[in-house]
Amino acid sequence: TAGQRCTTTRRLVLHESVHDEVVDRLCKAYGTIPVGDPLDAGTLLGPLHSQAAVDAYEEGIRELKSQGSTILCGGKRIDRPGFYVEPTLALSAHDAPVVHREIFAPILHILKFKTLDEAIAINNEVAQGLSSSLFTQSHKNIFKWLSSQGSDCGIINVNIPTSGAEIGGAFGGEKET
């Protein structure tokens, strides 16, 4: 979906104990993503839908840089016909304004946390509240994530991605979603 789906993961909040390993593995994986015609079987990332979407992507990249984020990979338009951009990973501050804005492009903000309460606060500090997910082996963390003290999203997932579960049925969010 090239980040254009409303439930696409745009913020990856990683515990400090796994942060560096996950970032390293993601950078390697992002470098192998086949970008191209979505009708080709080998394509994983197709184009954005319009020049306006490319402009929003490029503005988002400029904002990331000006707000102190580090672009780990991607961050550029691909020189070919159509609206193709590179999938982008960025180390960002959780409170950077660009992190709180929906760009609807393949930009993943990587954030770090120490405690579950801190992760919940990061999750809940944005104006949108459609979908969230927690990956854990702790039942205690699962119950807190699902409780009124946890995620404030309309779709709350555990050990599955933020998108996909809503297909085929009505769904809704919270806050400005």
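At 9% relative accessibility, C153 counts as buried, and this cysteine makes a convenient way into the structure, which is a predicted model. C73 is likewise buried, with a relative accessible area of 17%. A reader may wonder how many disulfides the structure holds. The count is 0. For C73, the nearest cysteine sulfur belongs to C27 and lies 4.9 Å away. Because a pair of sulfur atoms must come within 2.5 Å to be counted as a disulfide, C73 is in none.

Stepping back to the whole fold, the protein chain contains 4 helices and 8 strands. Read from the N terminus, its elements follow the order β-α-α-β-β-β-α-β-β-α-β-β. The C-alpha trace spans about 50 × 40 × 30 Å along its principal axes. For 177 residues, a compact globule would be expected to have a radius of gyration near 16 Å, and the value for the protein chain, 16 Å, agrees with this. Of these 177 residues, 38% count as buried. The accessible surface of the protein chain comes to about 9600 Å², and carbon and sulfur atoms account for 54% of that area. Contacts also reach far along the sequence: taking those between residues at least 6 apart, 61% join residues at least 24 apart.

The interior can be followed next. The largest nonpolar core has 20 residues, and the members that touch the most others are L48, Y57, L64, V98 and I107. At least two residues of this core come from each of α2 (51-66), β4 and α3 (116-124). Helix α2 gives the most, with 5 residues. A second, separate core of 8 residues includes L14, L26, C73 and L89, so the buried cysteine C73 reappears here as a core member, because a nonpolar core is built from buried residues of this kind.

Y57 deserves a closer look. Which residues does Y57 contact once its neighbours within four places in sequence are left aside? The partners include L48 and I107, both of which are, like Y57, among the core residues that touch the most other members. Y57 is also in contact with G74, G75, K76, R77, V85, E86 and T88, and further with I103, A105 and P106.

Charged side chains add another layer, with 6 salt bridges in the count. One of them joins E102 and R10, at 3.6 Å from N to O. This pair links distant parts of the chain, 92 residues apart: E102 sits in the loop between β3 (88-91) and β4 (107-113), and R10 in the segment before β1 (11-15). Is each partner buried or exposed? E102 is partly exposed at 31% relative accessibility, whereas R10 is buried at 17%.

Helix α1 offers two further examples. R25 and E21 meet in a salt bridge of 3.4 Å, N to O. The two residues are 4 apart in helix α1 (residues 19-30), so about one helical turn separates them. R25 is exposed, with a relative accessible area of 57%. In the same helix, D24 and K28 are also 4 residues apart, about one turn of the helix, and their side chains form a salt bridge at 3.2 Å, N to O. D24 counts as partly exposed, at 39% relative accessibility, while K28 counts as exposed, at 57%.

Definitions and conventions:
Residues are numbered from 1 along each chain as its sequence is written. This is a predicted model: local features need pLDDT of at least 70, side-chain atom pairs count only at pLDDT 80 or more; totals for chains, interfaces and linings use all residues. Side-chain values use heavy atoms; hydrogens and water are left out. A salt bridge is a side-chain nitrogen of Lys or Arg within 4 Å of a carboxyl oxygen of Asp or Glu. Buried means under 20% relative accessible area, exposed over 50%, partly exposed in between (1.4 Å probe, protein chains only). A nonpolar core is a set of buried Ala, Val, Leu, Ile, Met, Phe, Trp, Tyr and Cys residues joined through side-chain atoms within 4.5 Å. Contact means heavy atoms within 4.5 Å. The radius of gyration is taken over C-alpha atoms; the globule rule is 2.2 Å times the number of residues to the power 0.38. Accessible areas come from the Shrake-Rupley method with a 1.4 Å probe; for residues, only the protein chains shown count as cover.
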